[in-house]
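Reader: I am new to this structure and would like a close look at a single part. Please take me through the site where the ligands sit.

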Amino acid sequence: MRVLGLESSCDETAAAIVDDGHLVRSDVVASQHDVHARYGGVVPELASRAHLLNVVPVVQAALDRAGSSLDEIDGIAVTNAPGLVGALLVGLQTAKAIAWVTGKPIVGVHHLEGHLSAVYLEPDPPPMPHLALIVSGGHTSLVRVNHHGDVVELGATRDDAAGEAFDKGAKLLGLGYPGGVVIDRLAKSGDPRAVVFPRAMTASSTGAEFSFSGLKTSLLHHVRAHGVPEGQALADLCASYQAAIVELLVRKTRQVARREGLAHVQVCGGVAANSALRAALLTAGGEDAFRVYVPPPHRCTDNAAMIAAAGYHHLVRGERADLALDAVPSAPLPRRA
Ligand code: KG4
Ligand code: ZN
């Protein structure tokens, strides 16, 4: 089954062609980082406009690179929730127009279900059930994945998402947007013990909840007291800040894996591209005897191959949306029994 995937929930316009839920024929991502960088975050109206400019060339490029025509597509999968509503609508309306013109079936995909599916594009994906740590710019949660589309959320952040902590921290340090990848790079030559940052929510030893807003405030106080450092001191500050985020994520993941008796753990979402998080989870897995699965960095951040992979499972179950399929800005990860 050949699926055309479309993703436009935030600041990436993406289209991909994936066969049978795991063979990536093409995977095209047009990033808008340059559009939003000078504002220090995503400006929703600018995002919608950039999606409008990009969406048709991106879909065309995905078809061209796959050597496929629309006639050879068996179904269309599009992110319809959650995200910026104007941004979502561009991908959704494009997908609906293609479905209407070609008569092909269409399904809506929850963005986080897409992130959970990215690892299934890899040769050795995790078996079911497994634990998933979802860490993106908008979400941070631990979920039990029983089957494709059958997930139970075990806990989530009470305030900021991990990606938000990275991006807001980077903004405070004048490192631009999106800042996660910049902190990751600077931290490589820094000392993670140079500055002590708080680790929140660690008292509830088996709880699966996270909190990052105190950490961000703590960085703000540090910058107010000492200014924004340069050179080695900046690298040390980035490494210390990153270590606080990573330590909390890893600590909760290993506690919940143990509590749930799950020996396979995947990590997905943009922050899963973070080199310190990847390394720390692999070390924790080695110590606690759980196996860690993580997509390559370009499949951790937003892309449409993951949406096609998730949509495949809806389509093979015979699910079909109609042209009333709508964009939903805020929606919990659906649980299907
Ligand atoms: O999944 P994603 O592309 O979009 C959302 O669904 O939100 O995640 C974007 C987030 C941003 O906060 C970005 O700073 C963060 O992922 N990110 C990283 C890295 N690469 C992307 N954070 C830390 N280290 C990275 N290498
Ligand atoms: Zn995402």
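Author: What follows is an account of the zinc ion, ligand 1 and the protein around them. This is a predicted model, in which local features need pLDDT of at least 70, side-chain atom pairs count only at pLDDT 80 or more, and totals for chains, interfaces and linings use all residues. Residues are numbered from 1 along each chain as its sequence is written, chains are lettered from A and ligands numbered from 1 in the order in which they are written, and side-chain values use heavy atoms, with hydrogens and water left out.

The zinc ion is ligand 2, and its protein donors are His111 (NE2), His115 (NE2) and Asp302 (OD), at 2.0 to 2.1 Å. Donors are N, O and S atoms within 2.8 Å of the metal (3.2 Å for Na, K and Ca); water is not among the atoms, so sites may look incomplete. Along the sequence, the spacing of these donor residues is H-x3-H-x186-D. His111 and Asp302 link distant parts of the chain, 191 residues apart. His111 belongs to helix H4 (residues 111–117), while Asp302 is in the loop between helix H10 (297–300) and helix H11 (305–316). Helices here are DSSP runs of H or I with at least four residues, numbered from the N terminus.

His111 is buried, at 7% relative accessible area, and Asp302 is buried at 14%. Buried means under 20% relative accessible area, exposed over 50%, and partly exposed in between, with a 1.4 Å probe and protein chains only.

Ligand 1 has 20 residues around it, of which His115, Gly137, Asp167, Asp184 and Asn274 come nearest. A residue counts as near if one of its heavy atoms lies within 4 Å of the molecule. H4, helix H5 (162–172) and helix H6 (180–187) each supply at least two residues of this shell.

Two of the zinc donors also approach ligand 1. A polar side-chain atom of His111 is 3.0 Å from an oxygen atom of ligand 1, and a backbone N or O atom of Asp302 lies 3.0 Å from an oxygen atom of the ligand. For Gly270, a polar backbone atom is 3.0 Å from an oxygen atom of ligand 1. On its own, ligand 1 has 550 Å² of accessible area, and the protein covers 89% of that. Accessible areas come from the Shrake-Rupley method with a 1.4 Å probe.

Conventions: Polar contact = N/O pair within 3.5 Å; in protein donor to acceptor, adjacent residues only side chain to side chain.
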